[in-house]
Every structure is written in C-alpha cells, then in structure tokens.
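This briefing goes through selected side-chain pairings, backbone features and cysteines, with the chain and its model shown below for reference.

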Amino acid sequence: MEKRKQDSLVSEIVNFIGEQTRLNPGCSPGVLSAAIQKRFRISSDQAEKLAGLVKEKPEAGRLGLAAIELNLTFNCNLTCAYCFIREKNQHERMSFATAAKAVDLLMERAAFPTVNITLIGGEPLLEFELIRQIVPYAHEAARRHNIFVTWSVTTNGTLLNETILEYFAQNRINMLLSVDGGEKNHDRYRRTKSGEGTWQKIAGLIPLIKSYQPWLGVRMTVSTEAVGDMREDFKQLVELGVNQFIIAPAQGAECWSKEQIEQYGLNLVEILQDYHALKRRGIPIFIEEFEKDENEYKGWGCRAGSTSLALAPDGAVSPCSKMLGLTDEGGKYVIGNINGELDLKLLEPFQNPISRQPQHCRHCTRKCSGGCYAVNFEQTGDHFTASEENCLFWVVCQETKRISGMLSAGGAQCQSCRARCQ
C-alpha cells in the first residue's frame, strides 16, 4: 500500500512541476522550490533538489527517476492469452551486467530519497537466481547514494516455494499476485503450456504466502468473457484471504463493446458495496480506487517516461513495460539500450505530456489522466490520444469513486448517529 501511495505522490509532483514550468517558463529554481514545498509539505532540501533538476538537466527532462521496471525475462511458464507481452521468447533473459547498469542509472538519477525497483516479466521467478544477485547489488548501490530502495514483484505465483518466500520476506520484496478470481475464470486463461489450470495450486499456496506476507495483494484482471462473474470472483478471493485488490479490465487491440463496459461498471458497483460491507465488519481490505476522491485530478499522463523507466531483458529502455510488450516498434518507444547509448531527449513528450493532449480533451468536462499509453497506441496509433475505450472506463471509475464517497460518508453519519443515541 505504501508503494502505491509513493507512486501517487511522485506522479502528482511531476505534473505539478510540469504545469508550473509551462505557465511560468522563466521561473527561478528558488520560486519553484518554494511552490513545491508549500504544495506538498516536503522538506526544503528535497524541494530544492527537485527544482534544481529542472535547471540542471533540461536535456534529460525535468525530473530524475523514482522507479525502474526490470523485465527479467519475456519467457513464462503460463500461456495467458491477454498477456501484454505479445511475442514471448523463452531465450530472452536479462544478464546481471544489464540489471546492474539499470540499477546504477536509477541511483545516479534518483530524485527522491526512496526509489522502487519492480521485478517483472514474463514470469520473473523463472530468474530467481538473478534476483538473488540483483538485490544485494541494489542495496549496496543505494547505501552509497544514501537512498532507500523498495521492491515489488509481479508474479503468477505458480513457482513460489518457501525458499523464495523467505528470501522475499528477509529483503522486504512485496509480491503482487496475478489471480483473476475463482477457479472457472482464473483457469479460463491462466493455464500451463500443457493446458492445465493453475487456480488450485495458487489457492493451496496462499496460506503459506500469507505466513510470510500477511497483507496480500492481487491483480484481478477481468476479461470480456468473465465480466458477468466479477462479483463472485471478488468474493472467492476475499475468502482466500486476499487483502488488497487491483481490479482492471484486460485491454488491448481488441476493444470492449459499450455494453460490456456498462456491465463492467454495474458489477464494479456491486463489488464496491461488498467492499464497504467488509470494512464495516472490520475485515482488513483495501482497494485504492475506491478510496480516491472523484474530483482528484493529478494531470495528464502517468509517471512512465517521466520518473519511471522500463528495461527489456536485452537492456532496451522504454517508458513502461506494457509498451515494451507491443509488437510495433513505434509503440515500444525504445530510447536506446542500457548497454550502449540512451537518447534521453526522446523522453520529452512523456515528461511534458500535457503538450500532447488532443484539443478535444482539453475541453472535456471529465478531466482524466489520458489513459494507458500502451492501450492508446494499440487502439489509436498514438500514445497520447486517449481511446474511446479508455475514456469510457475512466467514466466508470469516476462514477464508482463518487458512489464510494457517498457510502463512506453515509457510514460515518450512521456511526455518529449511533454514538449520539447511546
């Protein structure tokens, strides 16, 4: 949960600086530093560091890094049809030398006292021995730079064992499991290469996982075929002991129909009602999207390419992992290779995404972040032009936040009434 809060703050600061420098291109680092400190209530030293990066490194963008994503391999032991890695190669794996150079880049360009490294794939646990090399190297590099490093790993969970879980616990590597719900819908896509379902194995491992990581997060990807079962899938995962959820539609080149998106929204509201009921019962559970203010607006674009970079197994560098998974070279948006030269000037559109905002979006009454860059490219041919599908899903999420706010306020009022009556 803390990592997601940090990511959210980083994105907000990035957008604030971008907006300030756009409106006042001649503002001094001192003025910008004061504005940052006042707006975000951070230390003067940190605000000065952030403001200084605007002046010192204009060729590399306005901010340094807060995170990197290391795609340790594009190989996977499962065959999920909706995987964002469109073309897998079982021989593509990251070398330790490549990973070390990526860690060095993060530390040298870190703009925050805490940075994050995400281990991803493919299935990153296929490269567990590589992880055991990367972690101590990164901790030592962070120590030299007086930086604290946090860790995340996104895994299908099928390769987990006690040795891996113990190592993750010792090094505070936070796991996010990819589990799509109950057995029927999880096994619809998440099968081994021999065609076997994996839900039973994951369900059986969860008690062991929770003994090492009590607060367990899951990414529940909803396909168009499974949209009708969303509520039941959510309930089954809660019963397994999952505490935190990222619920998101499977998006790609094949679009959802408006009817399917409407059904997704209606079912999301049902999950929202269950969520608030669980919280009232004291069940430890957290879904960030349900806790956000519907009017919260953090600007156009995400942190990809502004404070975060992704590396392919061969060292190719792109704004994000999902873009690296595209088949179109333009969609991948590779800015070079960590083992050679990087053209950091190519990141400018991602560091100032508001400049690429389409005219019709500027006058939209529902301000959004512009959608996923990778999905935008697949559906519109441009990273910064939000697809209609992304727009509709944004509306669904905003309406859900609005209802969540009403339920939260109503619950607080009921508790207040009960207190007065006692």
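A salt bridge is here a side-chain nitrogen of Lys or Arg within 4 Å of a carboxyl oxygen of Asp or Glu. In this predicted model, the structure holds 13 salt bridges, while the number of disulfides is 0. The points below take up some of the salt bridges, then two residues with a positive phi, then the surroundings of L130, and finally two of the cysteines.

**Salt bridges**

- E399 pairs with R402 in a salt bridge, and the closest N and O atoms of the two are 2.9 Å apart. Both residues belong to helix α17 (residues 388-421), where a spacing of 3 residues amounts to about one turn of the helix. E399 is partly exposed, with a relative accessible area of 26%, and R402 is likewise partly exposed, with a value of 32%.
- A salt bridge also joins the side chains of R190 and D180, with an N to O distance of 3.3 Å. R190 sits in the loop between α7 (183-189) and α8 (199-212), and D180 in the loop between β4 (173-178) and α7, so this pair ties together parts that are 10 residues apart in sequence. R190 counts as buried at 8% relative accessibility, and D180 is buried as well, with a relative accessible area of 4%.
- The side chains of E291 and K279 meet in a further salt bridge, with 2.7 Å from N to O. Because E291 lies in helix α11 (residues 288-291) and K279 in helix α10 (residues 258-280), the pair ties together parts that are 12 residues apart in sequence. E291 counts as partly exposed at 35% relative accessibility, and K279 counts as partly exposed at 36%.
- Salt bridges can also be linked to one another, as they are in the network that is formed by E140, R143 and R144.

**Positive phi at residues other than glycine**

- N146 is not a glycine, yet its phi is positive, at about 55°. The residue is found in the loop between α5 (128-144) and β3 (148-155), and N146 counts as exposed at 70% relative accessibility.
- Y333 is not a glycine either, and has a positive phi of about 55°. Y333 is placed in the loop between α13 (329-332) and β9 (336-337).

**The surroundings of L130**

- L130 is found in helix α5 and, at 3% relative accessibility, counts as buried.
- When residues up to four places away in sequence are not counted, L130 touches L72, M94, S95 and F96.
- The C-alpha atoms of L130 and R93 are separated by 9.6 Å, although these two residues are 37 residues apart along the chain.

**Cysteines and the absence of disulfides**

- A disulfide is a covalent bond between the sulfur atoms of two cysteines, and for this model the cut-off is a pair of cysteine sulfur atoms within 2.5 Å.
- The cysteine sulfur closest to that of C372 is in C320, at 6.0 Å, which is too far for a bond. C372 counts as partly exposed, at 28% relative accessibility.
- For C391, the closest cysteine sulfur is the one in C368, and the 5.6 Å between them is again too far for a bond. C391 counts as partly exposed, at 31% relative accessibility.

Conventions
Residues are numbered from 1 along each chain as its sequence is written. This is a predicted model: local features need pLDDT of at least 70, side-chain atom pairs count only at pLDDT 80 or more; totals for chains, interfaces and linings use all residues. Side-chain values use heavy atoms; hydrogens and water are left out. Helices (H or I, at least four residues) and strands (E, at least two) are DSSP runs, numbered from the N terminus. Buried means under 20% relative accessible area, exposed over 50%, partly exposed in between (1.4 Å probe, protein chains only). Contact means heavy atoms within 4.5 Å.
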